[in-house]
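Work through the two exercises below with the structure in view. Each task is followed by a solution in steps.

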Amino acid sequence: MNTLKKMIFLLLVGMIFVTNLQSQLTSNRATPSILNKYDAQIDEIISNMTLEEKLGMFYGIRMFSSAGVPRLGIADFEFADGPFGIREELEANSWSPAGLGNDLATFFPTGSALAATWNPDIAYKYGVAIGAEGRLRGKDMLLGPAINIQRLPVGGRTYEYFSEDPFLSARLSVGYTKGVQSVGLAVCLKHFALNNQENNRGRVDVKVSQRAMREIYLPPFESAVKEADAWGVMAAYNKVNGFWCSENEILQEKILRDEWGFRGLIVSDWGGTHSTVNAIKNGLDIEMPNGMFLGKALVDSVKSGAVSIDVINKRVKDILRVRLHVKPVPASEANKTLTSQVSQQRTAYEVATKSIVLLKNENSLLPLDLKKYKSIAIIGDNAQQKNATGGVGAGVKTLYEITPYQGLRDRLGNTLKVTYARGYKSFSFFGNGPFQFGQPLPSPYVPADTALLNEAVRVAQAADLVLFVGGTNREVETEGSDRTSIQLPSGQDEVIKAIAAVNPNIVTVIVSGGPVDLNTINQYSSSIVMSWFNGSEGGHALADILLGKLAPVGHLPFTMPVKLEDSPAFALGNYPQAGGGFGPDVFVNLVDGNQSAIAVEDRNIAKYSEELLVGYRWFDTKKIKPLFPFGHGLTYTDFEYANLKATQEKYSLNETLKVSVDVKNTGKYEADELVQLYVHRVKSKIFYPEKELKAFAHVPLKAGETTTVTLDVPVFSLRYWDEKKNEWVLEKGKIEILVGASSGDIRQTTGIEIVK
Ligand code: BGC
């Protein structure tokens, strides 16, 4: 090659490199992290630190604190659970309550309830409110939001997580993160990554394809890092493709830090660290709640040369970036005011009102027309059940919690006669006395209690209308173990059947965080409402919806299957894991901490062979009809859709696909419609699920009003993860745009073409 040719060649190579970089940048974070501004100052601080001071920062010195450097005025770092209220203060080195009086916090609706609002602005407000309580308590980092994908209907933490859909989860994660951090508290996105089951969570190795990981499981984390500049991430308990999350170089260093530009700190889940050298080298900054691996063992590893001082400085820098940005609350100010304040309680109420989902209203029993009834029977233990605490894991010592019963009593006053029957006994694991290892595990799925059932029938018979309040509770849905069934516990199906025989006017309210089997309820109840674990103000919100003060606007963030076996991981035999089934691990832990006693190798592999077909992606692709589809939610009026159009026929990578549709409120009630946009690929070479959510918008409409709604889809969000190239790729070709009221209720379609 002569010199001129060589120069032209080099110039071309350079240009190609620049173009590639640019196209990556357009899809990468828009603005660099605010935490970068401390780098120079931190270098200076680090140069003044002793090795001991540095090594003292990497582990928990109390249950929820890690050490600062007092000599340099660097405060200890204070963590707080999350994610649906600030957890009470605990004793320094145990899980026992500290017994303070001021730490009574607001119980906010749990994750799936927040997700049912489908509203990132509400998620932002939620973040601001919980963040404000965190600061009153002197905290630096909230251990939340919890944003793993709801892969299993029975997942123990489905109630804490947002959705089975990555796009919806991502929008809410961004809102929540921005809200919390706007008041100066850091978030901690958890659990990174693929902590989609609770059984065996401390040992399970998730075998997932790169494409499913990128397209389904990582987007909520990716968006919260790139769009909301999340300052903290928690490494999950499990392994991903052979490596513990807390020492997973691919997840922590390559994807989170190098690709997404995360500049904050990574903390282990409590007790989720497994090594010293691998953990610190591969990205973990803080081991919680103690220094089993990053304490003395790390000192020795540095001395022996197994860990270099460069690695140590890098990790100190990660921690200090967050420490310098999040201003410590002086000890003299923390916990001086009551945590739960009126403005936060108002937010809890607003979220709850917007989360309630009207699943069915066949005979229009709702909103309740009080003129029609002289008496209402409220039946079901869940009407009186509180859900701020319960089961294993973080709960909220709340100032108050309005139950459905209390909410209705408050709102109804003396307008009509209200009677109550318990109907069934809510399951309580710990209510059965201390558990002895070896004793069979109690099951929530027991026959109805005859005496309670008979009383319920008597009370139902004497009333004009029955409000049956069923569902699960926080002992049935709990961290540390998955449910064994989606059946309603405590014989509730039998109870409603018996009630229906004497009074067919039944409105059912379901209090649960995850999907439940509603086949029997559906048969005997013409109106069904989903009311979640809905926080301190949940009962008032419910009453206001039932009584028609507000119209329901919530939509399911997950599929409600006809039966558990229809859902993907079950249908493919990927869950429960072979040889293990539903393990009682957590109970073993509680008794003697002996985990190895029940370790079975097979149980430790979780195959994700359903790939992209999680939730409705599976049901739609396999043509399995759910009981209620993802995105479903009725209200007290109807809507008509017309004139769906895209602004262009053809779109390329850097453009934004814009569609508009006219929506008309054809009923008599003012309400919001949630317009959902899904895409369906026409004759693609690459496999895609039948349809995928890409945009949604809330449209408030007065009775009779019509409005034109515009929905935007950035074309780069239509890319797929190419496993060979290891990057996002946009496939050319035709795409059908489906717009409607749920994944199962598409009202209008139009076509566009992707060109490069
Ligand atoms: C949970 C985390 C939680 C931590 C501290 C762990 O068991 O998985 O979500 O933040 O405990 O309570």
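**Exercise 1.** Decide whether Leu-90 is buried or exposed, and describe its surroundings.

*Solution.*

Step 1. In this predicted model, Leu-90 has a relative accessibility of 14%. A residue counts as buried under 20%, so Leu-90 is buried.

Step 2. Next, place the residue in the chain. Leu-90 lies in the loop that runs between strand E3 (77-81) and helix H4 (111-116).

Step 3. Now list the contacts. Leaving aside residues up to four places away in sequence, Leu-90 touches Phe-64, Trp-95, Ser-96, Pro-97 and Ala-98.

Step 4. Finally, take one C-alpha distance. Met-63 is 27 residues from Leu-90 along the chain, and their C-alpha atoms are 7.7 Å apart.

**Exercise 2.** Describe the shell of residues around the ligand, then find how much of the ligand's area the protein buries.

*Solution.*

Step 1. Count the shell. The ligand is surrounded by 14 residues, and the closest are Asp-81, Arg-157, His-191, Asp-269 and Glu-479.

Step 2. Sort the shell by class. It holds 7 charged, 6 nonpolar and 1 polar residues.

Step 3. Look at distances from ligand oxygen atoms to side-chain N or O atoms. For Asp-269 the distance is 2.6 Å, for Lys-190 it is 2.9 Å, and for Arg-87 it is 3.3 Å. The cut-off for a polar contact is 3.5 Å.

Step 4. Turn to the area. The ligand taken alone exposes 310 Å², and the protein buries 95% of that.

Terms used: Residues numbered from 1 in each chain as written. Predicted model: local features only at pLDDT ≥ 70, side-chain atom pairs only at ≥ 80, totals over all residues. Heavy atoms only, no water. Near = heavy atom within 4 Å. Polar contact = N/O pair within 3.5 Å; in protein donor to acceptor, adjacent residues only side chain to side chain. Areas by Shrake-Rupley, 256 points an atom, 1.4 Å probe, with all protein chains shown as cover. Nonpolar A, V, L, I, M, F, W, Y, C, P; charged D, E, K, R; others polar. Helix = DSSP H or I, 4+ residues; strand = E, 2+ residues; numbered from the N terminus. Buried < 20%, exposed > 50% of the residue type's maximum accessible area, 1.4 Å probe, protein only. Contact = heavy atoms within 4.5 Å.
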